[in-house]
Amino acid sequence: MLSINIREFLKHQPLFQQLSDEQRELLVPGTREVRGEKGQVIFQKGDPCDGMYLVVYGKVKLSLIAPSGSEKVMEIFHPGQSFAEAVMFLQRPYPLLGQFVEDGMLLHVSSEVIHQAVRNDPGFALHMLAGLSLRLHALVRDVERYSVENATQRVVNYLLQVCKPHQQGANVHLPVNKNLIASRLNLTPETFSRVLHQLSEEGLIEVNGRDILIRQLPELEQYQPG
């Protein structure tokens with residue numbers, strides 16, 4: 001079982017890098033490991049929030065579950081990212097369901113030690129505020145895209161955002177299954193698959209499971225669905 005040095009991990013997290021060793025040391029007693037298997041719930045909507053999380057390895061999704069049982073994925077977090085900061089500062093219950101997408105480990109940093117760090121270092125408070133502002137900006141951008149972009153444009157923009165260009169085009173490895181990505185893009189799985197098939201039929205991409213080869217990167221960047 002993988003074990004980590006909490007002090008070293010916090011030291012290399014952008015959120016805590018500006019703190020002195022002494023200030024980071026104050027976070028350690030309030031930090032604990034949270035391990036989970038794929039599908040395991042971290043917190044339910046309505047649970048009290050007593051801290052924030054850092055992803056060590058694995059992936060986590062935050063989602064809304066409708067009364068009908070359908071799921072809307074709001075955000076997916078990867079190693080090195082953090083979540084639940086805003087709810088922690090608001091001192092409100094979690095508004096979403098948090099769940100492991102795959103086997104993983106998190107660090108839970110208690111609100112008590114975070115509040116102490118904020119009181120001790122105004123610069124740390126500004127750094128956290130900047131991070132929360134960036135996330136809010138991203139959410140507003142998502143809402144804007146859902147309002148003005150059609151399904152094909154959302155899928156194309158997603159592929160361009162996550163692709164790794166090379167001389168022959170670009171590669172994309174979908175970090176999670178297609179159903180989760182479709183939900184994140186506010187699409188049904190069927191629509192997401194249909195758009196991928198359409199782009200493949202037009203010779204722009206080649207799909208092999210979760211691996212996608214973008215054959216014509218400039219053409220995809222300029223693509224306008226008919």
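Helices (H or I, at least four residues) and strands (E, at least two) are DSSP runs, numbered from the N terminus. This is a predicted model, in which local features need pLDDT of at least 70 and side-chain atom pairs count only at pLDDT 80 or more, while totals for chains, interfaces and linings use all residues. Residues are numbered from 1 along each chain as its sequence is written, and side-chain values use heavy atoms, with hydrogens and water left out.

**Figure 1. The whole protein has 9 helices and 12 strands.** Its C-alpha atoms fill a box of roughly 55 × 45 × 35 Å along the principal axes. The protein has 226 residues, and 42% of them are buried. Buried means under 20% relative accessible area, exposed means over 50%, and partly exposed lies in between (1.4 Å probe, protein chains only). A contact means heavy atoms within 4.5 Å. Of the contacts with a separation of 6 or more, 71% join residues 24 or more positions apart.

**Figure 2. Two stretches of the chain carry domain names in UniProt.** Both names come from an unreviewed entry. UniProt positions are given in the numbering used here, feature names are shortened, and annotations may be inferred rather than shown by experiment. Residues 15–93 are listed as "domain: Cyclic nucleotide-binding". This span is 16% helix and 39% strand, and its end C-alpha atoms are 23 Å apart. Residues 149–218 are listed as "domain: HTH crp-type". Here the chain is 49% helix and 23% strand, with the end C-alpha atoms 20 Å apart.

**Figure 3. The largest nonpolar core holds 37 residues.** A nonpolar core is a set of buried Ala, Val, Leu, Ile, Met, Phe, Trp, Tyr and Cys residues joined through side-chain atoms within 4.5 Å. Which members touch the most others? They are Phe16, Met52, Tyr53, Phe83, Leu106 and Ile114. Elements giving two or more residues to this core include α1 (6–11), β2 (41–43), β4 (60–65), β8 (104–110) and α5 (122–148). Strand β3 supplies the largest share, 5 residues. A second, separate core has 29 residues, among them Val155, Ala170, Leu174 and Leu196.

**Figure 4. Strand β6 (residues 82–83) includes Ser82.** Ser82 counts as buried because its relative accessibility is 11%. Its side chain makes a polar contact of 2.5 Å with the side chain of Glu85. A polar contact is a pair of N or O atoms within 3.5 Å; within protein, one must be able to donate a hydrogen and the other to accept it, and residues adjacent in sequence count only if both atoms are side-chain atoms. Leaving out residues up to four places away in sequence, Ser82 touches Met52, Tyr53, Leu54, Phe77 and Arg135. By the same count, the partners of Phe83 include Phe43, Val55, Val60, Leu62 and Leu106.

**Figure 5. Ala84 and Gln91 both have a positive phi.** Most residues other than glycine have a negative phi. Ala84 has a phi near 80 degrees and sits in the loop between β6 and α3. With a relative accessible area of 13%, Ala84 is buried. Gln91 has a phi of about 55 degrees. Its place is the loop between α3 and β7 (97–100). Is Gln91 buried or exposed? Gln91 counts as exposed, since its relative accessibility is 63%.

**Figure 6. Ala117 lies in helix α4.** Ala117 counts as buried, at 9% relative accessibility. Neighbours within four places in sequence aside, Ala117 is in contact with Leu27 and Phe124. Glu22 is 95 residues from Ala117 along the chain, and their C-alpha atoms are separated by 11 Å.

**Figure 7. Helix α8 spans residues 189–201.** The helix has 13 residues and reaches 18 Å from its first C-alpha to its last, close to the expected 18 Å. That expected span is 1.5 Å times one less than the number of residues. Thr191, Phe192, Val195, Leu196 and Leu199 are buried in α8. Why do they share one side of α8? They cover an arc of only 135 degrees around the axis, which puts them on the same side. The arc is that of the directions from the helix axis to the C-beta atoms. An α-helix has 3.6 residues a turn, so residues three or four places apart point the same way. The buried residues of α8 pack against α6 (151–162), α7 (178–184), β11 (205–208), β12 (211–214) and α9 (217–221). The face turned away from this buried side carries the exposed residues Glu190, His197 and Glu201. Just after α8, Gly203 takes a positive phi of about 80 degrees.
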